[in-house]
Amino acid sequence: MAITRITLYLTSLQLRAPFTTSFGTYQSLERPFVVIETADGLRGVGEVPTLRDPAYKAEVDTPAVLTSLREFILPAVAAWQREHGPIDDVACLRDSYAWVKGAVFAKSGVEAAMWDIAAQRADQPLWQLWGGERREFPVGVSIGGKTLPQILSLAEQAVDLGYRRLKVKIWPGFDEEVARALRERFPDVLLQVDANSAYTMENWRRLQALDDLDLLLIEQPLFDDDIILHSEISRELRTPICLDESIHSLRDTQAAASLWERNNALDRLIVNIKPPRVSGFAEAIEIARFCDAKGVRTWIGGMLDSAWGKAMNLNFNGLPEIGLPGDHFSPGGAYFVADVTEAPLVSQDGTFTLGEGVSAGVAFDWPRFERLSERLYQEETTS
Ligand code: OSB
Ligand code: MG
């Protein structure tokens with residue numbers, strides 16, 4: 001069944017509280033959403049969890065994603081159908097724009113919309129379609145505060161809500177003090193830190209001061225595009241290094257695994273799998289399986305996604321290969337003032353349970369979505 005139309009929306013989402021990382025503070029987000037319509041009358045939705053600028057990494061900013069989608073990816077889908085016939089599954093869809101280099105975030109939105117269609121056609125939850133087996137798993141929160149009191153108060157709220165796994169943003173000069181304070185206050189939580197590439201080869205040794213805090217991992221301390229130097233410094237850190245920014249594909253993951261393997265340190269490599277950062281769920285599933293076979297631990301990262309994006313990520317978390325809790329919830333309750341699903345996502349005592357609902361398992365709130373969105377572009381894809 002062919003894709004008949006692809007529509008690109010831009011949706012305004014307001015965070016209830018500002019989120020600070022080593023690269024900036026974010027409060028209002030302008031998010032591209034891709035809506036695919038098919039000849040069998042289905043409609044699928046995919047969010048691209050962009051940020052306003054490329055400070056996290058290249059091609060995740062809203063303007064870059066909109067350009068890639070409008071100029072190249074959506075026309076490529078239409079052209080493929082004209083030449084080869086109906087695109088009726090994710091594999092065909094990926095083939096249609098495989099020639100486009102990079103643009104992983106942009107591609108992931110189109111792919112997510114197609115997964116939504118595939119799940120509706122199969123009348124199945126995404127977790128089932130993807131081979132998920134674990135219906136219940138622990139989930140965590142990511143804390144992006146500017147001051148230690150702010151961070152402690154968010155951590156307190158999260159632990160009161162039942163979360164047992166906290167991640168906190170750090171940067172040079174705002175690292176040991178933060179991690180130590182959290183560890184002292186919460187001796188038993190699973191604690192991890194995320195530097196978002198704020199350290200250099202001159203100052204990374206500051207992180208050795210965190211080695212006695214029983215941290216689960218240190219996420220992306222060095223450059224956003226580096227894997228090799230991370231493997232080097234991992235030899236001198238007892239805490240595992242987790243790669244986020246620098247993993248875009250299964251190939252990147254394999255390269256990292258072979259570098260850590262050479263150092264006999266595979267147990268000190270962890271991979272944050274963010275489906276949009278690896279071009280979508282198809283690649284994300286391959287990465288999860290590869291890492292599991294290698295003994296490299298994985299978890300699912302977030303991008304302050306809407307409840308729709310988070311619901312898809314939670315379905316992905318049902319895969320038995322994913323071992324660690326992911327960034328799926330906000331420490332202070334709902335992420336956004338107004339979100340795009342009818343009901344909010346809820347966890348119980350830091351545990352999320354996947355239901356039987358078709359596709360993402362939550363109802364997309366079309367009227368609210370339309371109020372929050374502007375329609376930017378439409379690609380007619382009938383042959
Ligand atoms: O590095 O994981 C990150 C948010 C925006 C950009 C990058 C990151 C993050 C988060 C938030 O840590 C995770 C979430 O709660 O969605
Ligand atoms: Mg990160």
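Visitor: What makes a stretch of this protein a domain?
Guide: Here, domain bounds come from an automatic or database domain assignment. By that assignment the protein, a predicted model, splits into domain 1 (3-123 + 364-380) and domain 2 (128-353). Their centres, taken over C-alpha atoms, are 24 Å apart, and the contact draws on 40 residues from domain 1 and 46 residues from domain 2.

Visitor: Why is ligand 1 said to lie between domain 1 and domain 2?
Guide: Look at who supplies the shell: both domain 1 and domain 2 give residues to it, so ligand 1 lies between them.

Visitor: What makes a residue count as one of those around ligand 1?
Guide: One of its heavy atoms has to lie within 4 Å of the ligand. There are 19 residues around ligand 1, and Lys 167, Asn 196, Leu 304, Lys 310 and Tyr 335 come nearest. Sorted by class, the shell has nine charged, seven nonpolar and three polar residues.

Visitor: Why is the pair between ligand 1 and the side chain of Asn 196 called a polar contact?
Guide: The cut-off for a pair of N or O atoms is within 3.5 Å. An oxygen atom of ligand 1 sits 2.8 Å from an N or O atom in the Asn 196 side chain, so this pair passes the test. Lys 169 passes too, because an N or O atom in its side chain is 2.9 Å from a ligand 1 oxygen. With Leu 304, a polar backbone atom is the partner, at 2.8 Å from an oxygen atom of ligand 1.

Visitor: And how much of ligand 1 does the protein cover?
Guide: On its own, ligand 1 has 390 Å² of accessible area, and the protein covers 99% of that. The space ligand 1 takes is the largest pocket.

Terms used:
Residues are numbered from 1 along each chain as its sequence is written. Chains are lettered from A and ligands numbered from 1 in the order in which they are written. This is a predicted model: local features need pLDDT of at least 70, side-chain atom pairs count only at pLDDT 80 or more; totals for chains, interfaces and linings use all residues. Side-chain values use heavy atoms; hydrogens and water are left out. A polar contact is a pair of N or O atoms within 3.5 Å; within protein, one must be able to donate a hydrogen and the other to accept it, and residues adjacent in sequence count only if both atoms are side-chain atoms. Accessible areas come from the Shrake-Rupley method with a 1.4 Å probe; for residues, only the protein chains shown count as cover. On a 1 Å grid over the protein atoms alone, a cavity is a set of points where a 1.4 Å probe fits but cannot get out, and a pocket is an open set with protein on both sides within 12 Å along at least five of seven lines; lining residues have an atom within 4 Å of a point. A molecule sits in a cavity or pocket if more than half of its atoms lie within 2 Å of its grid points. Ala, Val, Leu, Ile, Met, Phe, Trp, Tyr, Cys and Pro count as nonpolar, Asp, Glu, Lys and Arg as charged, and the others, Gly among them, as polar. Contact means heavy atoms within 4.5 Å.
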